[in-house]
Amino acid sequence: MLTKKVKKRVSFLSLLLISLVVAVFFILTSLTNNILYFKSPTDIQLSQDIIFNKKMRVGGMVKKDSIDINNQEIKFIITDLKNEIFVSYKGTVPNLFSEGKGVVAEGTLKDKSFFIADRILAKHDEKYMPPELKDLMKKDVK
Amino acid sequence: MFDLINPSRIFYWIEKLINFINSIFFILLIIALTFALVLSPPDYLQGDSVRIMYVHVPSAWIGLASFTVIALLSMLSFIFKIKNLNIITKSIAPIGLLFTCLAIITGSIWGKPTWGTWWAWDARITSMLVLSIFYVLFILAHKLIEKEDKAIKVSNIIAVIGLINIPVIRYSVDWWNTLHQPSSIKIDGTTSIHPSMLMPLMLMLLVLLLYCALILLMKYKTEIIRIKKKNIKRI
């Protein structure tokens, strides 16, 4: 079965695959900054060449007890447990937006710890459970 | 080995299999849908929109799996020039495209109430879109290229190139920050889905797989009939 032609095709395919993997790897690593859907507060703290007043997204967890709603705007803190960033936002938030849950804010950075959002997206985690169970878990914690 | 899938003998078996799947499919579909839509509990956070997951997740899995199968068979076909494999890949492709689109559409419907947006250019969603484009290219290669040998060659290469995208989709949520949540069901078998929701999910997967098998067999049969009728495009 392994004639010369077959061997030739096998080597062609393996060459094609290897070169593709290498090419895709380099493309994806060089594009990492564009592929990242949002930056974490730590990314922003660490980065040197940050551009202010340019559209970007910041994501992380809404810090516990940080949401402050008055009739003009919503203020809250996005945290990744190392660094924090203040966010101010005018508008409606999605249903799943709540304390301790994931959030992605779209808007502009004023300085390294203050962000003005013009859109809020809620990030859902990978956990799925019925409501009764959640209540039980809360009781256990208390 | 390939005698088993020899098109001239397989007609009888295809017919039998189609009848068998037909006899159990609707019963299973009703059972699975009852579990998914009525009996399973709503989610503690998303409420009833979690039910979209019972279609979305199996669809995405099937979309990925079909393309992997197409790519592997294409490689074999390319190396050993077995034309029968191409009839199989040709029959799988529309199913894969259907389920990939279904995953994207149901994901979009789910995203609106949960995330607050229909669409986001994050790595998972974009790579899924790329997968559907590869499906379209694969199908178009067969439709547009008149010369059969050339069509097969081109579609095989498209499938092999598209194979690179599969691990990118799978690991996109681990490699990059995405809006899409990480996998709930890990490869090592651990899961963060409550059993009362996992059961309907698996049932729906089974039903959709049966549906795939049904369509695949019917499509395969049609392809063979087409070849026999034309009589020029011999196996």
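Me: What share of the 142 residues of chain A counts as buried?

Reply: This is a predicted model, in which local features need pLDDT of at least 70 and side-chain atom pairs count only at pLDDT 80 or more, whereas totals for chains, interfaces and linings use all residues. Residues are numbered from 1 along each chain as its sequence is written, chains are lettered from A, and ligands are numbered from 1 in the order in which they are written. A residue is called buried if 20 or more other C-beta atoms, placed from the backbone, lie within 10 Å of its own, exposed if 12 or fewer do, and partly exposed in between. For the 142 residues of chain A, the buried share is 26%.

Me: In what order do the elements of chain A run from the N terminus, and what is the radius of gyration of this chain?

Reply: Helices (H or I, at least four residues) and strands (E, at least two) are DSSP runs numbered from the N terminus, and chain A has four of the former and six of the latter. The order is α-α-α-β-β-β-β-β-β-α. The globule rule (2.2 Å times the number of residues to the power 0.38, for a radius taken over C-alpha atoms) gives 14 Å for 142 residues, and chain A is more spread out than a compact globule because its radius of gyration is well over that value, at 23 Å.

Me: How does chain B compare with a compact globule, and what is its radius of gyration?

Reply: Chain B has seven helices and zero strands, and its C-alpha atoms fill a box of roughly 60 × 40 × 30 Å along the principal axes. A compact globule of 235 residues would have a radius of gyration near 18 Å, and chain B agrees with this at 19 Å.

Me: How many bridges join β3(A) to strand β4 of chain A?

Reply: Strands pair if DSSP finds at least two bridges between them, and strand β3 (residues 74–79) of chain A runs antiparallel to strand β1 (residues 55–62) of chain A, with two bridges joining them. Two bridges also join β3(A) to the antiparallel strand β2 (residues 68–69) of chain A, and these two strands form a hairpin with four residues between them. With strand β4 (residues 84–89) of chain A, again antiparallel to β3(A), the number of bridges is six.

Me: Which residue takes a positive phi in the hairpin of β3(A) and β4(A)?

Reply: At this pairing, A:Thr79 stands opposite A:Glu84 in β4(A). The hairpin has four residues between its strands, and the positive phi, near 75°, belongs to A:Leu81.

Me: Which element gives the largest share of the largest nonpolar core?

Reply: A nonpolar core is a set of buried Ala, Val, Leu, Ile, Met, Phe, Trp, Tyr and Cys residues joined through C-beta atoms within 7 Å. Of the 75 residues in the largest one, those touching the most other members include A:Ile78, A:Val87, B:Phe138 and B:Met204. The largest share of this core, 12 residues, comes from residues 53–80 of chain B, which form helix α2.

Me: At what angle do the axes of α1(A) and α2(B) cross?

Reply: In this contact (C-beta atoms, placed from the backbone, within 7 Å), A:Val6, A:Arg9, A:Val10 and A:Leu13 meet B:Met75, B:Phe78, B:Ile79 and B:Phe80. Axes are lines fitted to C-alpha atoms, for helices over the stretch in contact, and angles run from 0 to 180 degrees between N-to-C directions. The axes of helix α1 (residues 4–30) of chain A and α2(B) come within 8 Å, and the crossing angle is roughly 140°.

Key: Two residues are in contact if their C-beta atoms, placed from the backbone, lie within 7 Å.
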